Amino acid sequence: MSSAVEAWSRIARWISANAPAHAEALNPPATREEIGRAESRMGLDLPADLRQVLMVNNGSTAGHRAPAGGALQDGGDAPFPSGLVFNDVELIGSLYTGNRRASLSLQEPGSRYEYWKEGWIPAFRQREAHSGLFLDVSGGQDPAPVYTYEEESFPEPAFPSLAEYLGTVADALEGVGPFTVMGRRSPHLPTVREGLVRW
């Protein structure tokens, strides 16, 4: 078992035991065919650690039960720090290709700045916002480093790998330590209310 899958398994176990509304929003595993279609669409391979995690849970709907009960609803509260949700493989492919098209249409000839570079894989995002985390495979690093991105700002390094990010989230959920991004932000400590993780 890879370290990314091990960390993800810790998160999924904790959510299942403590935040049942978010547990219901975890998708079934992605198939090799679904991953292959997304990779073909993007014109590149997903990093091995991301592929392995997707084959455990294919992202999250970020759905939850309404506080008064009732059916699982899309939207609302996200299970990860900073209001992030884990993208499924189809959305990863869609966001990547859309962002690349936008980047190519916006890029000025000769500019060294791009809206979205080839090899930036959007793994986590905020709903309704151009903000989240991407894995950078453009430099061929293994594992791929993780960057934060937001609208109208340059991406910043966040974690050395997906396994490091997921491990930090798992540690915070299990009470091992607070969640921080490269030590730069105020630490986040999770709580659970109405079956949902709150950061």
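Leaving aside its neighbours within four places in sequence, which residues is Glu34 in contact with?

1. Glu34 is in contact with Pro29, Asn58 and Val89, where contact means heavy atoms within 4.5 Å. The residue is found in helix 3 (residues 32–42); helices (H or I, at least four residues) and strands (E, at least two) are DSSP runs, numbered from the N terminus. Although Glu34 and Val89 are 55 residues apart along the chain, their C-alpha atoms are separated by 7.1 Å.

2. On the basis of the note: this is a predicted model, in which local features need pLDDT of at least 70 and side-chain atom pairs count only at pLDDT 80 or more, while totals for chains, interfaces and linings use all residues. Residues are numbered from 1 along each chain as its sequence is written, and side-chain values use heavy atoms, with hydrogens and water left out.

3. Glu34 is partly exposed, at a relative accessible area of 28%. The classes are buried (under 20% relative accessible area), exposed (over 50%) and partly exposed (in between), with a 1.4 Å probe and protein chains only. A polar atom of the Glu34 side chain lies 2.9 Å from the backbone nitrogen of Thr31.

4. Arg125 lies in strand 4 and is buried, its relative accessible area being 16%. Its side chain is joined to that of Asn87 by a polar contact of 3.0 Å. A polar contact is a pair of N or O atoms within 3.5 Å; within protein, one must be able to donate a hydrogen and the other to accept it, and residues adjacent in sequence count only if both atoms are side-chain atoms. Beyond four places in sequence, the residues in contact with Arg125 include Gly83, Leu84, Val85, Leu91 and Leu95, as well as Ser131, Gly132 and Tyr149.

5. Strand 4 (residues 120–126) pairs with strand 5 in the antiparallel sense over 5 bridges; two strands pair if DSSP finds at least two bridges between them. Ile121 has Leu135 as its bridge partner in strand 5. The two strands, 4 and 5, form a hairpin with 4 residues between them, and Glu128 in that turn has a positive phi of about 60 degrees.

6. Is strand 5 mostly covered or mostly uncovered? Strand 5 (residues 131–136) is mostly covered, with 6 of its 6 residues buried. Ser131, Leu133 and Leu135 point one way, and Gly132, Phe134 and Asp136 point the other way; all are buried.

7. Strand 5 also runs antiparallel to strand 6 (residues 146–150), to which 5 bridges join it. Leu133 has Thr148 as its bridge partner in strand 6, and Phe134 stands opposite Tyr147.

8. Strand 6 in turn pairs with strand 7 (residues 156–159), again in the antiparallel sense, over 3 bridges. The strand 7 bridge partner of Thr148 is Glu156. A hairpin with 5 residues between the strands links strand 6 and strand 7, and Glu152 in the turn has a positive phi of about 60 degrees.

9. Why is helix 6 described as largely enclosed by the rest of the structure? The description holds because 10 of its 13 residues are buried. Among them are Leu162, Tyr165, Leu166, Val169 and Leu173.

10. The length of helix 6 (residues 162–174) is as expected: at 1.5 Å a residue its 13 residues should span 18 Å, and its end C-alpha atoms are 18 Å apart, which agrees. The expected span is 1.5 Å times one less than the number of residues. Gly175 follows helix 6 and has a positive phi, near 80 degrees.
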